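Reader: I would like a close look at one part of this model, the nonpolar core and the helices around it. Please take it residue by residue where that helps.

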Amino acid sequence: KPEIHSKTLMPALQSPWFAPHVILYMLAYALLGAAALIAAYQLFSPKGKLLSLASTDDLVYIGYAFLTIAMLMGALWAKEAWGHYWSWDPKETWAAITWLSYLGYIHLTRYGQVHRRLGNWVLIIAFCLLQMCWWGINYLPSAQNGASIHTYSQQ
């Protein structure tokens with residue numbers, strides 16, 4: 001009979017903030033990804049096949065709200081786990097860059113007279129920055145040498 005080994009999560013991951021933080025980020029990433037797909041479609045589709053501009057913006061507004069709430073939950077979790085709200089860890093830094101890029105899109109399209117083509121490019125660039133936050137930071141030296149607080153390997 002094979003033995004079943006149960007591993008307990010490290011203490012930082014046992015926080016009640018962990019699940020909602022991650023779930024809200026995943027929802028935000030899905031909505032912002034859908035907005036980026038619509039933006040790419042609008043950029044590369046033949047003229048006259050544009051989708052509703054409001055639908056893209058609505059996805060961004062809701063995704064941005066989830067991104068903001070998830071970031072705030074992460075700060076509360078960090079305070080509980082490590083004693084500080086923010087540490088400028090690479091994951092946190094790229095989360096801030098991503099958050100600011102979508103804020104830039106919102107201001108550009110809502111408060112400025114902007115050509116929709118530029119707005120679509122900004123959305124695609126913002127989604128590329130989001131990908132750096134989600135995947136890319138794992139390839140940075142701080143993640144490779146275990147210096148990041150967002151590296152959860154147990155020794």
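Author: What follows goes from the core to two residues beside it in the discussion, and then to a pair of helices. The model is a predicted one.

The largest nonpolar core has 25 residues. Those with the most contacts inside this core are Tyr25, Tyr29, Leu32, Val60, Leu67, Tyr102 and Leu123. Four helices each supply at least two residues of the core: H1 (18–44), H2 (53–82), H3 (90–111) and H4 (116–134). The helix that gives the most is H1, with 9 residues.

Tyr25 is a useful place to start, being among the core residues with the most contacts inside it. Apart from neighbours within four places in sequence, Tyr25 is in contact with Leu67, Ala70, Met71 and Ala95. Of these partners, Leu67 is itself on the list of core residues with the most contacts.

Next comes His21, which is placed in helix H1. Its relative accessibility is 11%, so His21 counts as buried, the cut-off being under 20%. The side chain of His21 reaches the backbone oxygen of Ala70 at 2.8 Å. With neighbours within four places in sequence left aside, His21 is in contact with Ala70, Met73, Gly74 and Trp77. Ala70 is therefore a partner of His21 as well as of Tyr25, where contact means heavy atoms within 4.5 Å.

Leu76 lies in helix H2. At a relative accessible area of 37%, Leu76 is partly exposed, because that value falls between the 20% limit for buried and the 50% limit for exposed. Not counting residues up to four places away in sequence, Leu76 touches Trp17 and Tyr85. Trp17 is 59 residues from Leu76 in sequence, yet their C-alpha atoms are 7.5 Å apart in space.

The last part is the pairing of H3 and H4. Their axes come within 9 Å and cross at roughly 170°. That angle makes H3 roughly antiparallel to H4, because angles over 145 degrees count as such. The crossing of H3 past H4 is left-handed. On the H3 side, the residues that meet H4 include Trp94, Ala95, Ile97, Thr98, Ser101, Tyr102, Tyr105 and Leu108. On the H4 side, those that meet H3 include Leu118, Gly119, Val122, Leu123, Ala126, Phe127, Leu130 and Trp134. Two residues of this contact, Tyr102 in H3 and Leu123 in H4, are also among the core residues with the most contacts. Ala95, which meets H4 from the H3 side, is in addition a contact of Tyr25.

Methods
Residues are numbered from 1 along each chain as its sequence is written. This is a predicted model: local features need pLDDT of at least 70, side-chain atom pairs count only at pLDDT 80 or more; totals for chains, interfaces and linings use all residues. Side-chain values use heavy atoms; hydrogens and water are left out. A nonpolar core is a set of buried Ala, Val, Leu, Ile, Met, Phe, Trp, Tyr and Cys residues joined through side-chain atoms within 4.5 Å. Buried means under 20% relative accessible area, exposed over 50%, partly exposed in between (1.4 Å probe, protein chains only). A polar contact is a pair of N or O atoms within 3.5 Å; within protein, one must be able to donate a hydrogen and the other to accept it, and residues adjacent in sequence count only if both atoms are side-chain atoms. Axes are lines fitted to C-alpha atoms, for helices over the stretch in contact, and angles run from 0 to 180 degrees between N-to-C directions. Angles under 35 degrees count as roughly parallel, over 145 as roughly antiparallel, 65 to 115 as roughly perpendicular and the rest as oblique. A crossing is left-handed if the near helix is turned anticlockwise from the far one by less than a right angle, and right-handed if clockwise.
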